[in-house]
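Grab a coffee and work through the exercises below with the model open beside you. Try each task before you read its solution.

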Amino acid sequence: MTEARVRVERAIDTAVDERADLVALPELCTLPYFPVEPSLEVFDLAEPIPGPTSAWLSAVARRAGVAVNTTAFERVAAGVYANTSLLIDQHGQVVATYRKAHIPDDPGFGEKYYFTPGDRACEVATLDTDSGPLRVGLLVCWDQWYPEAARLAALQGAELLLYPTAIGWAPDEEAEHSAQHDAWRTMHRGHAIANAVYVAAANRVGVERDTTFWGSSCVVAPDGAMLGEMGHADEGVIVVDIDLELIERQRRAWPFLRDRRIDLYGGLTRRWLGESEP
């Protein structure tokens, strides 16, 4: 078993010891973060779903009796690959999959070379846990920056948005770009508040090649309260309780969904609304 899988299983067992129903893991947590530079050989890491990685995760979830979420490097077809979120229940069944829709192309994060964008903004599924049914919205990393995707998940009844993540900075850029981390944190709180849902982001941590992943995995409540947050360099587990009744109370107090003017939002289907629309 690889070191990454050993660490994943250890984290899952720790969460189960603390009575977790669902374990959210970082993006591509069983692999090195490979989209740093283009390489044809890296495509050999991709697997079909179902395949070896999903089968292993299913076996771990079944053994531990806990639901699990992360992403896998999926081989969809020859020449077509995706970064695919898996939601696996405590019985080891794959409840839902979602192919990352928003794909970044930045220095050190050249994902467009590897991943074909998914054709849905999110996926929402019901997860039956020992604590009761939970409507889960699947999104991935770069999707975090798009309020449209979070809103579409909420409109499909999602109570919890899951964002497996791999985001960070170059080692010599931490001071310059620390504001990015604050913006990232603010976006999660914004999604939670605007939609009155829980939000969980599980981010990679540590240094890989020239990237320092900034950790800070967190869970946010529907009122924007930070229920739990890891440090920049911390690898570990945080377990929080979520109260689904808070969603109802929050939406009564701040009825953003009620007051939406859906008759005014047609322009969202266009790239740009200025005079120089491409």
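**Exercise 1: Lay out the sheet**

In this predicted model, 6 strands make up an open sheet with mixed pairing, and their order is 7-8-9-11-14-15. Work out which strands sit at the edges, and find the average twist from one strand to the next.

*Solution.*
- Step 1: look for strands that pair on one side only; these are strand 7 (123–129) and strand 15 (226–229), so to speak the edge strands of the sheet.
- Step 2: go from one strand to the next and take the average twist, which comes to 20 degrees.

**Exercise 2: Follow the pairings**

Take strand 8 (residues 132–138) and find the sense in which strand 7 pairs with it, then do likewise for strand 9 (residues 160–165).

*Solution.*
- Step 1: start with strand 7 and strand 8, which are joined antiparallel by 7 bridges. Glu123 is found opposite Leu138 of strand 8.
- Step 2: check the connection; 2 residues lie between strand 7 and strand 8, and the two strands form a hairpin.
- Step 3: now turn to strand 9, which pairs with strand 8 in the parallel sense over 3 bridges. Here Gly137 faces Leu161 in strand 9.
- Step 4: for an antiparallel pair further along the order, try strand 11 (residues 198–203) and strand 14 (residues 218–220), linked by 3 bridges. Ala201 has Cys218 of strand 14 opposite.

**Exercise 3: Find the buried side of a helix**

Which residues of helix 3 (residues 147–155) are buried, and why do they end up on the same side of the helix?

*Solution.*
- Step 1: pick out the residues under 20% relative accessible area, the cut-off for buried. In helix 3 that gives you Ala149, Ala150, Ala153 and Ala154.
- Step 2: look at how they spread around the axis; the arc they cover is only 135 degrees, so they share the same side of helix 3.
- Step 3: carry on past the end of the helix and you get to Gly157, with a positive phi near 95 degrees.

**Exercise 4: Place a surface leucine**

Is Leu264 buried or exposed, and which nonpolar surface patch does it help make?

*Solution.*
- Step 1: locate Leu264 in the segment that comes after helix 5 (245–253).
- Step 2: compare its relative accessibility with the cut-off, which is over 50% for exposed. Leu264 has 53%, so it counts as exposed.
- Step 3: add the other members of the patch; Ile262, Tyr265 and Leu268 join Leu264 in a nonpolar surface patch of about 440 Å².

Note on methods:
Residues numbered from 1 in each chain as written. Predicted model: local features only at pLDDT ≥ 70, side-chain atom pairs only at ≥ 80, totals over all residues. Heavy atoms only, no water. Buried < 20%, exposed > 50% of the residue type's maximum accessible area, 1.4 Å probe, protein only. Helix = DSSP H or I, 4+ residues; strand = E, 2+ residues; numbered from the N terminus. Arc of directions from axis to C-beta. Pairing = 2+ DSSP bridges. Axes fitted to C-alpha atoms, helices over the stretch in contact; angles between N-to-C directions. Patch = residues over 30% accessible without salt bridge, like charges linked within 9 Å, V, L, I, M, F, W, Y side chains within 5 Å. Areas by Shrake-Rupley, 256 points an atom, 1.4 Å probe, with all protein chains shown as cover. Salt bridge = Lys/Arg side-chain N within 4 Å of Asp/Glu carboxyl O.
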